[in-house]
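The following paragraphs go through one protein chain, from its overall make-up to a few individual residues. Please keep the sequence and the model in view while reading.

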Amino acid sequence: MKFGLVALFLVFFLANVSEPSTSSSRATCKKTELFKAQHIVAWSISSRARGFFYKSGLAIDADGAFRAYHPNDRLGLDSLAHAGHRGDWWALVTNDGKRSGRPVVQGKSDPAPGYYVSTTALYDPDNPNTRDPHRYVDSETIPYIVLHPKALNHARLGDFATVVNFQNGKISAAIVADESAPDLPVGEGSIALAEALGIDSSPRYGGKDGAVAYLIYPGSGNSRPRPLKEIVANSKQLFAAWGGFARLNACLAD
């Protein structure tokens, strides 16, 4: 039910943006290669409205979700192996704040008692309690994307983005909330993002190969998590200013 509400919210606010533009002035694209990572090329265009884009698949990232990982592996939304392993926990809060420490389990007053506290690279700096699950970006309710380290040379955590599923035409707002390992495939996002795009959102079995476009707006955020309503409103405005669906379609088809 939670996923459905998020998807409906995104559809409502992005309905106007998702209509392809018929303006010939916007359906043009002179692009420049910005960087290449894992065989995916990211492009930029000459425009006052800054943004870079690429097309790939969508892998599902559960990080930040209250029920992302559990000591009993089968109970977590995702496999515990995706959070790390003993001596190197890269996606969990540990008792000593080090990757080599013991993972912290949520208590009775937390949203998912018994589950580990899962982190995202983007977090609320005003919340000093590193063991508070609310400090991080919840994959189940917030549409976020994960950027390759090369992409983070051009954007930063907290920037806004627009993601398009070219197979069904669905569009979603998003925020940059996590960073991938350099050797992982490019193209990853939250459970809520997959739901909004009509893609199987299971972190274990879902995702999509190809036909997903990512448009990121460098410098558009404030390096902090944002409420869903702000993410949608900012993404909608930035997408329209950049040129919308018609320009993105022209740039990817070129």
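Accessible areas here come from the Shrake-Rupley method with a 1.4 Å probe. On that basis the protein chain exposes about 11,900 Å², of which carbon and sulfur atoms supply 50%. The model is a predicted one. Of the 254 residues in the protein chain, 50% are buried, where buried means under 20% relative accessible area.

The protein chain contains 4 helices and 10 strands. Read from the N terminus, its elements follow the order α-β-β-β-β-β-β-β-β-β-α-β-α-α. Among the contacts in the protein chain with a separation of 6 or more, 70% are between residues 24 or more positions apart.

The nonpolar interior comes next. The largest nonpolar core has 37 residues, and those with the most contacts inside it are Tyr 54, Leu 58, Ile 145, Leu 147 and Ile 216. At least two residues of this core come from each of S1, S2, S3, strand S6 (144-147), strand S7 (160-165), strand S8 (170-179), helix H2 (191-196) and S10. S3 gives the largest share, 4 residues. Apart from this core lies another, of 26 residues, which includes Val 164, Ile 171, Ile 175 and Trp 242. Which residues does Tyr 54 touch, not counting those up to four places away in sequence? They are Ile 40, Val 41, Ala 42, Val 146, Leu 147, Val 186, Val 212, Ala 213, Tyr 214 and Ile 216.

Ala 42, one of the residues that Tyr 54 touches, is in S2, and Phe 35 stands opposite Ala 42. The strands S1 and S2 pair in the antiparallel sense, over 6 bridges. Together S1 and S2 form a hairpin with 2 residues between them. Gln 38 is in the turn of this hairpin and has a positive phi of about 50°. Most residues other than glycine have a negative phi. Gln 38 has a relative accessible area of 37% and is therefore partly exposed, since that term covers values between 20% and 50%. A second residue other than glycine with a positive phi is Ser 223, where the angle is near 65°. Ser 223 belongs to the loop between strand S10 (208-217) and helix H3 (228-242). Because its relative accessibility is 38%, Ser 223 counts as partly exposed.

Where in the chain are the two ends of the disulfide? Cys 29 is in the loop between helix H1 (2-14) and strand S1 (31-37), and Cys 251 is in helix H4 (residues 244-253). A search of the whole structure finds 1 disulfide, and Cys 29 and Cys 251 form it, with their sulfur atoms 2.0 Å apart. The pair links distant parts of the chain, 222 residues apart. A disulfide is a covalent bond between the sulfur atoms of two cysteines. The link of Cys 29 and Cys 251 is right-handed, with 105° about the S-S bond. Both Cys 29 and Cys 251 are buried. As for the helix that holds Cys 251, 7 of the 10 residues of H4 are buried, so H4 is largely enclosed by the rest of the structure. The buried residues of H4 are Gly 244, Phe 245, Ala 246, Arg 247, Leu 248, Ala 250 and Cys 251.

Two residues remain, both from one loop. Ala 65 lies in the loop between strand S3 (52-61) and strand S4 (84-85), and His 70 is also in the loop between S3 and S4. Ala 65 counts as buried because its relative accessibility is 1%. Although Ala 65 and Val 137 are 72 residues apart in sequence, their C-alpha atoms are 7.3 Å apart in space. Beyond its neighbours within four places in sequence, Ala 65 is in contact with Leu 77, Ser 118, Val 137, Asp 138, Ser 139 and Glu 140.

Is His 70 buried or exposed? The relative accessible area of His 70 is 15%, so His 70 is buried. A polar atom of its side chain lies 2.8 Å from the backbone nitrogen of Asn 72. The side chain of His 70 also reaches the backbone oxygen of Gly 114, at 3.4 Å. Gly 114 appears again among the contacts of His 70 beyond four places in sequence, together with Leu 75, Gly 76, Leu 80, Tyr 115 and Tyr 116.

Terms used: Residues numbered from 1 in each chain as written. Predicted model: local features only at pLDDT ≥ 70, side-chain atom pairs only at ≥ 80, totals over all residues. Heavy atoms only, no water. Disulfide = S-S within 2.5 Å. Buried < 20%, exposed > 50% of the residue type's maximum accessible area, 1.4 Å probe, protein only. Pairing = 2+ DSSP bridges. Contact = heavy atoms within 4.5 Å. Core = buried A, V, L, I, M, F, W, Y, C linked by side-chain atoms within 4.5 Å. Polar contact = N/O pair within 3.5 Å; in protein donor to acceptor, adjacent residues only side chain to side chain.
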